[in-house]
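Dear colleague,

I am passing on the structure that follows, together with some notes on helix packing and on the nonpolar cores. Please read the notes with the structure open beside them.

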Amino acid sequence: MQKIREWLGERIPDDLTLLSIGESIALQNGLRRFINPSRKFVADVPASYREFRKTAWKEGAWYATNLESQKQLGPLELDAIVLLMLKVTRELLGERFVGRQFDESRFAFLRVIADEFKAQILVDEATDFSPIQLACMECLTALETRSFFACGDFNQRITRWGTRTLEQISWISGRIDTRTINTVYRQSRILNEFSSALLRASDGDSKNRGQLPEKMNHTGVAPALLEQCVSLGGASTWLSERIREIERMVNIGQMPTVAVLVNSESEVKPMAEALNELLEDVNLRAVACREGQSLGEGTDVRVFDVRHIKGLEFEAVFFVGIDALEKALPDLFGKYLYVGATRAATYLGVACFGALPQQMESMRPNFCDSWTV
C-alpha cells in the first residue's frame, strides 16, 4: 500500500474530483439494483419479508411477542407474500422495457409466473376464501383480459378466515362490480322459512337470505328433531326410521337422494355400516363417502363429514350430533347448519347426542318428531 501511495504521488486527484467520483460510484451502485428487477422485487420478496418481520418483531410491532419460530410462516403471511409477488410481477410486465426484453434470461422468473396467468378466473364459494386469497386469484388473470368472476353467500361462509363483507370484496380490486341474487328454487317453503329463522337465531345476514319465487307451490314438511340419542348407534336407529318414512311418502321406485352428515371422517364409516344393517330389509344401501367423494348409486344413502357439505344437493339431509358440533365449532356451528338446511330440498333431520343447543332453543317450535303418524 505504501509503495502504491508513493507511486501515485502527485497523481492523486484533488478532494473535489474524489467527491465527484464517489458520487458517481454511489449512483451506479444504486442503479445496479434495476439491472435485474425481477430478482430484486419479485424473487427476493420472501427474504425481504423475513428481514422485515425480524425487525418488526424486535420492535414489538405487528407480531405477537410469543412468535414461535423466525423461520416458519403462518398461512396468512404466506398468502400476503404470494400476493405481493404477483402484484409486482404484473406491474413489471406492464413496463415497456420488460416487454422488449422479456425473452432475456434475467426475466426467466417473471416468465414462470406469467405462464400461470389465465384468460379467465372463476371462483365458486368465494366467501370461504380470505380477501388476500381472492386477491391472489384476481392477480392470476391475464393482463389482456383481467377477467375475474366470483360467487358466494356470506351466510354460507364456513371458514374463520373467509370474506365477510362487500367492503372486503371491493378491497380485492377497484374493478369488481357486485350483483345480488336472492332467488332460490331448491327448497320447500317450510325449509326456506326454517333457514331464515336459523339466520336470525345465529346472527346471520337476514337481508341476503334466499327467497323463493312467489308461484312456488312446494310446501314440504317441518324438520325432524331427535334429542338424547347418546351415540351414533342411537342416531342410526332414528335415521333409519326417518328414511323409511321418506320411502313410504314417495312413489315406489323413486327413492330421493339422501345425505347424512357426521362431525368427523372417523364417524363416516361406522355410521354407514350401522345404516346398512338397519336398511337392508328395504333394499337400501348406505355408502361411506370418504373425503367428500360422492360415490354410490342414485338411491344410496350417502354419509359425509360435515366439512364437505358445500356443493351438495339432496332431497333429504340429516345432521348427526349438532350439539357436539356446536361445542367443537361455536363460531361456525350456525353457518354449517344453515348450509345444511339449504342443501336439503324437502326433508331435514337433526339429531343431538344431548339436548338441542341453546342457540337454537327459540327454534324448537319449528321442529317435529316425525313426518308420519
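A crossing of two helices is called left-handed if the near helix is turned anticlockwise from the far one by less than a right angle, and right-handed if clockwise. The crossing of α5 and α8 is left-handed, where helices are DSSP runs (H or I, at least four residues; strands are E, at least two) numbered from the N terminus.

This is a predicted model, in which local features need pLDDT of at least 70 and side-chain atom pairs count only at pLDDT 80 or more, while totals for chains, interfaces and linings use all residues. Residues are numbered from 1 along each chain as its sequence is written, and side-chain values use heavy atoms, with hydrogens and water left out.

Helix α5 (residues 75-93) packs against helix α8 (residues 131-138) at an angle of about 30 degrees, with the axes 9 Å apart; axes are lines fitted to C-alpha atoms over the stretch in contact, and angles run from 0 to 180 degrees between N-to-C directions. The two helices, α5 and α8, are therefore roughly parallel to each other, a term for angles under 35 degrees (over 145 is roughly antiparallel, 65 to 115 roughly perpendicular, the rest oblique).

The largest nonpolar core, a set of buried Ala, Val, Leu, Ile, Met, Phe, Trp, Tyr and Cys residues joined through side-chain atoms within 4.5 Å, has 35 residues. Buried means under 20% relative accessible area, exposed over 50%, and partly exposed in between (1.4 Å probe, protein chains only). The residues with the most contacts inside this core are F319, I322 and F367, and its largest share, six residues, comes from α14.

Best regards
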